[in-house]
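Please open the model in your viewer and keep the selection panel at hand. The tour moves from the whole chain to the place where its parts meet.

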Amino acid sequence: MSSHVLPERTDPPVAVPEHRAPSPDSTDAASFRRSKRRSGELEEQIAAEPGRFRVLTGDRPTGALHIGHYFGTLRNRVRLQRAGVEMMLLVADYQVITDRDSVGQIEDNVRQVVLDNLAAGVEPDTTIFVHSAVPALNQLLLPFLSLTTVAELQRNPTVKDEAAAAGISSISGLMLTYPVHQAADILFGKANLVPVGKDQLPHVEATRQIARRFNDRYAGGQPLFPVPDALLSEAPLLLGTDGRKMSKSAQNTIELRHSADETARRLRAARTDSERRITYEPERRPEVSNLVLLAALCQGRAPADVAADIGDRGAAALKATVIEAVNEAMAPLRARRAELAADPGLVRQVLRAGNERANALAEATLQEVRAVMRMRY
Ligand code: TRP
């Protein structure tokens, strides 16, 4: 494996000075625009010098992954890895209990998430690991918490949204602080690139602040931690088959592990509307447009073209199109997944090797942290 020391990276010159705290809304909008611009530059650098980048990204093991994850993130991971970027993948088990009272079927969920990533084309020798098996990563949470104020934690818009979505009225200490834990996820292995959707930007921003503050306050200004960049992926917003947000409990998802028959059954039951002519108008016709988008993503075509081809043939023809498109696009992935799942020891082996590598990186980083903090006795 390559050394965990990456070439030094400089901050983008556009960073907002930390002491100015504009209203949360303007921070969000400005940070989004900045990240978008920056992501374009990063894509050029990745194409030119993929070896400069180390990616850390991950999933919460709350269930098997679905087609929204595939088009939103998995596909992008595989693209980056194939471009030559080093990849570390976290199955964020401690993050499961941020917004729920129980870990649920966590062992099986971890297994499904690993299988989904491998089936999507993530290399089996990728460092794939779980929080709970990497103690030195978790220990970084302590110094990092000292660098974050309660007011900053309470301002994080994603934490607020997630708490609201989960119907949580009293936020736990873990829920409030998980963005800091996520900074440890990213920084323990000195990752410098975090491919994310828009909702995760506040967490990457928090990570950047923690890295800078750590370097300033505890490392005498040396760049012990890189200040990582978010790489915004253009995740198409796929809704569930009922036109609402995809969610396992609503039974409105198409999971990667579903059979062609189960996929057809769910898509046949999808909600549409009463207009015969099929068009792509996401605002006015969210349910129909979502099916059009799904077919278009699977066929690599523009949604408007897919809609135009169906034209006046109505919802039944739309459903036939989308069922065929999804099942055709997913067939190779599903075949690979079935093979991987048939190997009883595979997931355990992948995680054992990944946990071992993650532990080595985390311990080396923690040693550096303790050294600069003069905590080596
Ligand atoms: N919060 C991320 C999600 O809900 C999962 C995650 C945990 C993650 N740690 C991370 C993503 C570190 C990127 C980097 O999808």
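The stops below follow the domains and then the interface between them.

Begin by colouring the chain by domain, bearing in mind that this is a predicted model: select 7-238 together with 348-372 as domain 1, and 258-342 as domain 2. If you place a marker at the C-alpha centre of each domain, the two markers will lie 31 Å apart.

Next, select the residues through which the domains touch, where 15 residues of domain 1 are in contact with twelve residues of domain 2. About 1200 Å² is buried between domain 1 and domain 2, and carbon and sulfur atoms account for 70% of that area.

Now show side chains and turn to the polar side of this interface, where four residue pairs are in polar contact across the two domains. One salt bridge is also found between domain 1 and domain 2. To look at a salt bridge in detail, select Arg337 and Asp116, whose side chains meet with an N to O distance of 2.7 Å.

Then stay on the side of domain 1 that touches domain 2 and select helix 2 (67-82) and helix 3 (106-120), each of which supplies at least two residues to that side. Of the contributors, helix 3 gives the most, with seven residues.

As a last step, colour this side of domain 1 by residue class: the residues that touch domain 2 comprise ten nonpolar, two polar and three charged ones.

Conventions
Residues numbered from 1 in each chain as written. Predicted model: local features only at pLDDT ≥ 70, side-chain atom pairs only at ≥ 80, totals over all residues. Heavy atoms only, no water. Domains from an automatic or database assignment. Contact = heavy atoms within 4.5 Å. Buried area = accessible area lost by both parts, 1.4 Å probe. Salt bridge = Lys/Arg side-chain N within 4 Å of Asp/Glu carboxyl O. Polar contact = N/O pair within 3.5 Å; in protein donor to acceptor, adjacent residues only side chain to side chain. Helix = DSSP H or I, 4+ residues; strand = E, 2+ residues; numbered from the N terminus. Nonpolar A, V, L, I, M, F, W, Y, C, P; charged D, E, K, R; others polar.
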